[in-house]
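Work through the exercises below with the sequence and the structure side by side. Try each task before reading its solution.

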Amino acid sequence: MIRVMQFADILNRHDFIDVIVQRAERKRFQLFLTLRTLQSDIAQPVFPADVPVHLLAGTERRWVLWTALRLANLLRKYKVHILHTHHYDEAFIGRLATILHPATKLIVGRHYADVGMYAKPGLKLSGLLAVERFAYHGAKRVIVPTNVIRENVLLRGLDESKVVVVPYGFFPEKYLPFENGDDGTLRHELGWKGRVIFGTFSRLNPGKGVNVLLEAIAEARKQVPQTSLVVCGEGPERARLETMIVDLQLQDHVRLLGWRKDAMHIMSGVDVVVGPTFHEAFSQVMGEACFLGKPLIFTRVSGATDVIHDGENGILAPIKKVAPLAEAIVRLAKDESLRSSMGMAGREIARTQLHVDHVIAQYESIYEEVVAQP
């Protein structure tokens, strides 16, 4: 039996780590979970009874060496074959831990688009990249969710055989209650009968592009007046967006719904899901929309170019460009049959490419390959 330890800061229910923890084949794999906090930031997980959970307190970087030492002790205690880390700091800590306990092989999960988005060119960026290279060159595999990120990682000088693309997996049972839409509940709640409702679901941060989307909605309404938008999420951009809504005279056509626990209910009630983001690793919202049979309009960011076949299950738009985004909105607002066909095509992709069973099989194959290596 192959013993695999997952190491991350946090675990959220139904996220890419939870996919492995919940669905890895127990006859072939024994799972361990090590976290640096038990407080999830989206949805509290349900830990399987057969997966030991360990907490290594202290997410600040001053605890890195101490965390690596404690992690190495756990690897030694459980005779772990594979340490699978997730995210940037954890990859570095995992490399240190596997140096201290070389019997364990390291796999790194890369879940961000580019370290350059966190620092401008200079000493800080050079340092971040050096730490990243140190972690990656000690790993047997670097698993990335998209081809865009794969190309980015290969620029670090890694052998192509080390870098593997595995998309995020989704639990279909999460979406079954919402598969057939909401029977017009959202329209009734908003008083938007007869509207074509577009929805965006994200934190209200500058890089999410909601400001660009508001301008595009204003432009699209000149051709399709019934076009409306719901924005599900919260963040520091809210005040700016509220001002924009007034300036663009969109008060009756845009609703900022804030952070909602019933986001799936809201998504099931919209006609189109829009992702105007400036950068992304792999949008969870994109996968959820596919399972719900919603057509997509997304910017050409990492993940979108893997999942969205332009004109088939959605439309790809340039980043930060109002006019092309408005054109895509108008096109789908005018054509109900196109919305329907794109939604069905997206659902088919979700049930094959993004289904948890398809994804977990890829992880399991990688684990077996790595263990078999000398």
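The exercises go from the whole chain to one sheet and then to one helix.

This is a predicted model, in which local features need pLDDT of at least 70 and side-chain atom pairs count only at pLDDT 80 or more, while totals for chains, interfaces and linings use all residues. Residues are numbered from 1 along each chain as its sequence is written, and side-chain values use heavy atoms, with hydrogens and water left out.

**Exercise 1.** Describe the chain as a whole.

Step 1. Take the secondary structure: the chain has 14 helices and 13 strands. Helices (H or I, at least four residues) and strands (E, at least two) are DSSP runs, numbered from the N terminus.

Step 2. The radius of gyration, taken over C-alpha atoms, is 22 Å, close to the 21 Å that the globule rule gives for 374 residues, so the chain is as compact as a globular protein of that length. The rule is 2.2 Å times the number of residues to the power 0.38.

Step 3. Of the 374 residues, 56% are buried. Buried means under 20% relative accessible area, exposed over 50%, and partly exposed in between (1.4 Å probe, protein chains only).

**Exercise 2.** Work out the strand order of the six-stranded sheet and find its edges.

Step 1. The sheet is open, its order is 10-9-8-11-12-13, and the pairing is parallel. Two strands pair if DSSP finds at least two bridges between them.

Step 2. Strand 10 (254-258) and strand 13 (314-317) are the edges; each has a single partner strand, so one side of each is left without a neighbour in the sheet.

Step 3. Inspect one pair: strand 11 and strand 12 are joined in the parallel sense over three bridges. Val-273 stands opposite Leu-296 in strand 12.

**Exercise 3.** Is helix 10 largely enclosed or open, and why?

Step 1. Count burial: seven of the eight residues of helix 10 (residues 284-291) are buried, so the helix is largely enclosed by the rest of the structure. The buried ones are Val-285, Met-286, Gly-287, Glu-288, Ala-289, Cys-290 and Phe-291.

Step 2. List what these buried residues pack against: strand 8 (196-201), helix 9 (263-269), strand 11 (272-275), strand 12 (296-299), helix 11 (304-307) and helix 13 (336-352). Contact means heavy atoms within 4.5 Å.

Step 3. Check the ends. Ser-283 caps the N-terminal end, with a side-chain oxygen 3.3 Å from the backbone nitrogen of Val-285. After helix 10 comes Gly-293, whose phi is positive, near 70 degrees.

Key: Polar contact = N/O pair within 3.5 Å; in protein donor to acceptor, adjacent residues only side chain to side chain.
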